[in-house]
Every structure is written in structure tokens, then in C-alpha cells.
Amino acid sequence: MRRLLTIILGIFLVLPCSFSAAVEWTTLAGGNQHFYELVTNSGLTWVQAKADAESRWVLVNGVTKLWGHLVTLTSASENAFITSAFSLSATPWIGAYQTSKLAEPAGNWAWVTGEAWSYINWSTGEPNDSNGDEDAAHIYTSGAWNDLHNPSTITAYIVEYDLAAPIPEPGTWILVSLCSMAFIWWRKR
Ligand SMILES: [Ca+2]
Ligand SMILES: [Ca+2]
């Protein structure tokens, strides 16, 4: 009985405090300490995927909350990390989009975070603005990008977590405190 209660309490402690499927690109691996996650679903447009990514967050070390956004691939090494870390067979959305149609097909591309548009990895012949209506980007298994019709749906996107909240929200402290109190109470029994 005691063992069963320990397991249940352990699940209660671990799940809300540290659960995440996100993968860190560590400094040891030449990375930036950002976290990345491949999110799969039944099919979202680029606009829907962007909103979904921006509603997500991870807790680092139990207290630092990092908010997500569609991934920004601003270097060859970041692009290579994503390509090796995840199966990209669903050709997920990434955080590149066209701010206007005044310079098709390759002009006015931007990252959702406003980071500089310098590194590019378009697939051969892309972007091509097929049918005059491709203004959002996704990534192939090879790591190369394609511009696609924004209202098309894709069953995956990649989220990057790096936007730190300055102060953990009260709810976070309450959760951490409750977890700690529950653990101390259990050890004292
Ligand atoms: Ca990035
Ligand atoms: Ca295209």
C-alpha cells in the first residue's frame, strides 16, 4: 500500500513539475540552449500552427518558463540540429513567412520573431510561389524548405522555446510549493 501511494505521489510530483517532450540544443553540442519540439496534430494551417506554438511553454529546472514560437532556423547548424533531432516526414511548418507579395517569389521573407533574414535553405527551385499563392514555409526531411499555400494543412510543426518570462508566474510558485509540501508531509509520515 505504501509503495502504491509512493508511486502515485511520485507521478503527481513529476508530471506537473517537469514533463515536456522538448529537446534542448545544448552548448556542449554547439547549440544555443533553446528547446525544440515536434508537435503533431490532425492538420493545421500555418496561421493556426503559429498560434498553437505561441500558446505553449516549458519549465526549465522547475522555475524558468520559456514560451514557444514556430521555429526560426537562422543558421546552418540550427537547421542541421532540427533535421537530425526529429523525423521530418510530415514536412512540418516552420516560422518563415512572407510579409508582402510585392517581390515574389523570394522577396520579403521574415521570421516570426523578427530575427534577421540571412541564412536560407530553400529546396532547389523554391520558393516558387506556385499558383501565385505560397507565402508560408515548411521543411522537408532533407532539411530543405519549400514555400506553401498558407491555408494548406500540415499535420506537424516545430516549436522553439526561448522566450523567457521575466518572473515565474504566481501559479508556478504555488505548484512548486504544493509539490514540496506534499513531499515533506509524506516523508514525515
Ligand atoms: Ca532559432
Ligand atoms: Ca513552393
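Start in the middle of this predicted model. Select Leu-70, Val-71, Trp-93, Ile-94, Tyr-157 and Val-159: within the largest nonpolar core, which has 31 residues, these touch the most other members. Now colour the elements that feed this core. Strand 2 (35-44), helix 2 (46-54), strand 4 (64-70), helix 3 (76-85), strand 5 (93-98), strand 7 (136-139), strand 8 (145-148) and strand 9 (154-164) each give it at least two residues. Strand 9 supplies the largest share, with six residues. As a general point, nonpolar side chains in soluble globular proteins tend to be buried together.

Stay on strand 9 for a moment and click Tyr-157. Leaving aside residues up to four places away in sequence, Tyr-157 touches Val-39, Leu-44, Ala-49, Ala-53, Leu-70, Pro-92 and Trp-93.

Two of those contacts, Ala-49 and Ala-53, take you to the next stop. Select helix 2 and pick out its buried residues, Trp-46, Ala-49, Lys-50 and Ala-53. Turn the view until you look down the axis of helix 2: the buried residues fall within an arc of 105°, so they line one face of the helix. What do the buried residues of helix 2 pack against? Show strand 2, strand 4, strand 5, strand 7 and strand 9, and you have the partners.

Next, go to Phe-35 in strand 2. Is Phe-35 buried or exposed? Phe-35 counts as buried because it has 20 C-beta neighbours inside 10 Å, and 20 is enough for that label. Try a distance from here to Glu-24: the two C-alpha atoms are separated by 4.3 Å, though the residues sit 11 apart along the chain. Glu-24 is also among the residues Phe-35 touches, along with Ala-22, Val-23, Val-58, Leu-66 and Tyr-161, again not counting residues up to four places away in sequence.

Time for a hairpin. Select strand 7 and strand 8, which pair in the antiparallel sense over four bridges. To see one bridge, pick Ala-136 and its partner in strand 8, Leu-148. Five residues lie between the two strands of this hairpin, and in the turn Gly-143 has a positive phi of about 100°.

Now for some loops. Asn-61, between strand 3 (57-60) and strand 4, has a phi near 55°, a positive value in a residue other than glycine. Asn-61 is exposed, since only 6 other C-beta atoms lie within 10 Å and the label applies at 12 or fewer. Move on to Asn-108, in the loop between strand 5 and strand 6. Asn-108 is not a glycine either, yet its phi is positive, about 60°. Asn-108 counts as partly exposed, with 14 C-beta neighbours inside 10 Å.

While you are in the loop between strand 5 and strand 6 (109-111), select Pro-105. The peptide bond joining Glu-104 and Pro-105 is cis, with omega about 0°. For another cis bond, select Glu-126 and Pro-127, where omega is near -5°. Pro-127 sits in the loop between strand 6 and strand 7.

Finish by colouring the model by confidence. The average pLDDT of the protein is 87, and 80% of the residues score at least 70. Where does the pLDDT fall below 50? Look at residues 8-19, a stretch with 10 contacts in the model beyond near neighbours in sequence. Where pLDDT is low, the predicted coordinates should not be read in detail.

Key:
Residues numbered from 1 in each chain as written. Chains lettered and ligands numbered in written order. pLDDT = per-residue confidence, 0-100. Contact = placed C-beta atoms within 7 Å. Core = buried A, V, L, I, M, F, W, Y, C linked by C-beta atoms within 7 Å. Arc of directions from axis to C-beta. Pairing = 2+ DSSP bridges.
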